[in-house]
Amino acid sequence: MKKNIIVGQSGGPTAVINASLYGVVCEGLKQEDSVGHVYGMIHGIEGFLKDMYMDMGEGLSKEELELVKLTPAAYLGSCRFKLPEDLTSPVYVTLFEKLEALDIGYFFYIGGNDSMDTVSKLSRYAAGHKSSIRFVGIPKTIDNDLIHTDHTPGYGSAAKYVASTVREIVLDSSVYQQPAVTIVELMGRNAGWLTAASILARKEEFDNPMLIYLPEADFDFKEFTRDLKAALARSSSVIICVSEGISDSSGRLICEYADEARVDNFGHKMLAGCGKVLENFVRSHFGIKARSVELNVSQRCSGMVAASKDVEEAAVAGAYGVQAALNGATGMMVAFERQPGEEYEIRYTLVDVNEVCNKEKSFPKEWITRHGTDISEEFLSYVRPLIQGEVSRPMKDGLPLYCFRR
């Protein structure tokens, strides 16, 4: 007996989150003997509770679906809706009534840590109430902080964007002979994977960015002063890359020195401003030109430098999730397992979503060198395969052609 699929997107978008959506939809439509309709939740669980969804098979032509694959941001719209910890909450009854009304047999949620928390809660509720609906998480996050997977779709493209942009900032900052410092603030609340990718911008050792600071290493202003003096002795132009979540040894965020931290709906501190704090510190303590650059959402929404390897893996992850659910999997997340050997190769597998949600994969401390200011060669070997390849995308009037939801 055929059952229907529903898929949603949650959390911060990436350049390839729609490639995973493409994978789910295409594989679902291909499984004609097992799947009826493939529905998409508009604005995730939050929108679905308001009966916001669309039929992906009827709502998109084949040509539009191919465009969706290469469109950044979340085509279906996203949300940051946290389901209650208490599984007896009436919201679960409402959700499952709506799922059953659409004859849903397979539920896919594309997202990061908080999204896997949603998959965990829904699959546990289903098990406790003898529901046959199967729940599978499809990973995505530019932060690369999901555990039990080698990396996450979205990270490779974001890393490529960071490396490319920082390299251009390095070139721009080197045109004048006067001493100057540029601080580039990058996303990363607790994990420094994205900031570490800035090392890819270097042409050689000791090249810019000369100093790289991650949340996994304590930041100290005295040591920073010493390190910056040494860097300025080597070059009149110094580029510094910092994660938004860097903190001192007491755990106080550097951005909090300016009292600019706020809290989001999940209780996470909304970080911004550490680059500006360091800019003001450099200007006042060194008396030289200083500026800060916050790349902000550009790190996750730039599709023009998306890595084709990232797009490919994201799409396969979506399709693999559908195949797994049809074969009986539930309460699982699709994961990547890097295979041994010199040539880069991954194996797609499944991990228990309960072992993934509400946990974070930190950047390995053994890959942080020079007293917390640099990144090791081991990381370069890890990250280079993930940024490979350029996407051949359709263009119109000199601009990329993207698919916008009607």
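Which strands does helix α1 lie across, and at about what angle does α1 run to β1? In this predicted model, α1 lies across β1 (3-9), β2, β4 (104-111) and β5 (134-139). The direction of α1 makes about 175° with that of β1. Let us use this helix and its sheet as a starting point for our walk.

The sheet is an open one of seven strands, and their order is β3-β2-β1-β4-β5-β12-β13. Its pairing is mixed. At the two edges stand β3 (53-55) and β13 (346-352). Each of these has a single partner strand, so one side of each is left without a neighbour in the sheet. If you step from one strand to the next, the twist averages 30°. For a closer look at one pairing, go to β2 (residues 35-41) and β3, which pair in the antiparallel sense over three bridges. There you can find Met 41 standing opposite Tyr 53 in β3. Another helix also packs on this sheet: α6 (residues 113-128) touches β4, β5 and β12 (332-338). The direction of α6 makes about 170° with that of β5.

Now let us see which helices α1 meets. Two packed helices are described by the angle between their axes and the distance between the axes. For α1 (residues 17-30) and α12 (residues 308-326), the axes come within 7 Å and cross at roughly 40°. The two helices are therefore oblique to each other, and their crossing is right-handed. On the α1 side, the residues in contact are Ala 19, Ser 20, Tyr 22, Gly 23, Val 24, Glu 27 and Gly 28. They meet Val 311, Ala 314, Ala 315, Gly 318, Ala 319, Val 322 and Gln 323 in α12. Sorted by class, the residues of this contact between α1 and α12 are eight nonpolar, five polar and one charged.

Helix α1 has a contact with α4 (residues 62-69) as well. The axes of α1 and α4 come within 7 Å and cross at roughly 145°. Here Asn 18, Ala 19, Leu 21, Tyr 22, Val 25 and Cys 26 of α1 meet Leu 65, Glu 66, Val 68 and Lys 69 of α4. This contact of α1 with α4 has seven nonpolar residues, one polar and two charged. Try finding Ala 19 and Tyr 22 in the structure: they take part in the contact with α12, and they also appear in the contact with α4.

What about α6, the helix we saw packing on the sheet? Helix α6 packs with α5 at an angle of about 80°, with their axes 11 Å apart. That makes α5 roughly perpendicular to α6. From α5, the contact uses Tyr 92, Val 93, Leu 95 and Phe 96, while α6 brings Lys 121, Leu 122, Tyr 125 and Ala 126. Seven of the residues in this contact of α5 with α6 are nonpolar, none is polar and one is charged. Following α5 (90-101) towards β4, you pass through a loop that holds Asp 103. Asp 103 has a phi near 55°, which is a positive value in a residue other than glycine.

There is another sheet to visit. This open sheet has four strands in the order β7-β8-β6-β11, and its pairing is parallel. Its edge strands are β7 (211-213) and β11 (289-294), each of which pairs on one side only. Neighbouring strands in this sheet are turned by 15° against each other on average, direction ignored. Strand β6 (residues 180-186) pairs with β11 in the parallel sense over six bridges, and Val 184 stands opposite Val 293 in β11. Helix α9 (residues 221-234) lies across β6, β7 and β8 (237-243), and runs at about 145° to β8.

Before β7 comes a detail of the backbone. The peptide bond from Asn 208 to Pro 209 is cis, with omega near 0°, and Pro 209 lies in the loop between α8 and β7.

Our last stop is the aromatic rings. A pair of aromatic rings is described by the distance of the centres and the angle of the planes. The count comes to 25 aromatic pairs. One of them is the tilted pair of Trp 193 and Tyr 382, at 5.3 Å centre to centre and with 45° between the planes. Trp 193 lies in helix α8 (residues 193-196) and Tyr 382 in helix α13 (residues 377-383), so this pair ties together parts that are 189 residues apart in sequence.

Key. Residues numbered from 1 in each chain as written. Predicted model: local features only at pLDDT ≥ 70, side-chain atom pairs only at ≥ 80, totals over all residues. Heavy atoms only, no water. Axes fitted to C-alpha atoms, helices over the stretch in contact; angles between N-to-C directions. Parallel < 35°, antiparallel > 145°, perpendicular 65-115°, else oblique. Left-handed = near helix turned anticlockwise from the far one by under 90°. Contact = heavy atoms within 4.5 Å. Nonpolar A, V, L, I, M, F, W, Y, C, P; charged D, E, K, R; others polar. Pairing = 2+ DSSP bridges. Phe/Tyr/Trp six-rings, centres within 6.5 Å; stacked < 30°, edge-to-face > 60°.
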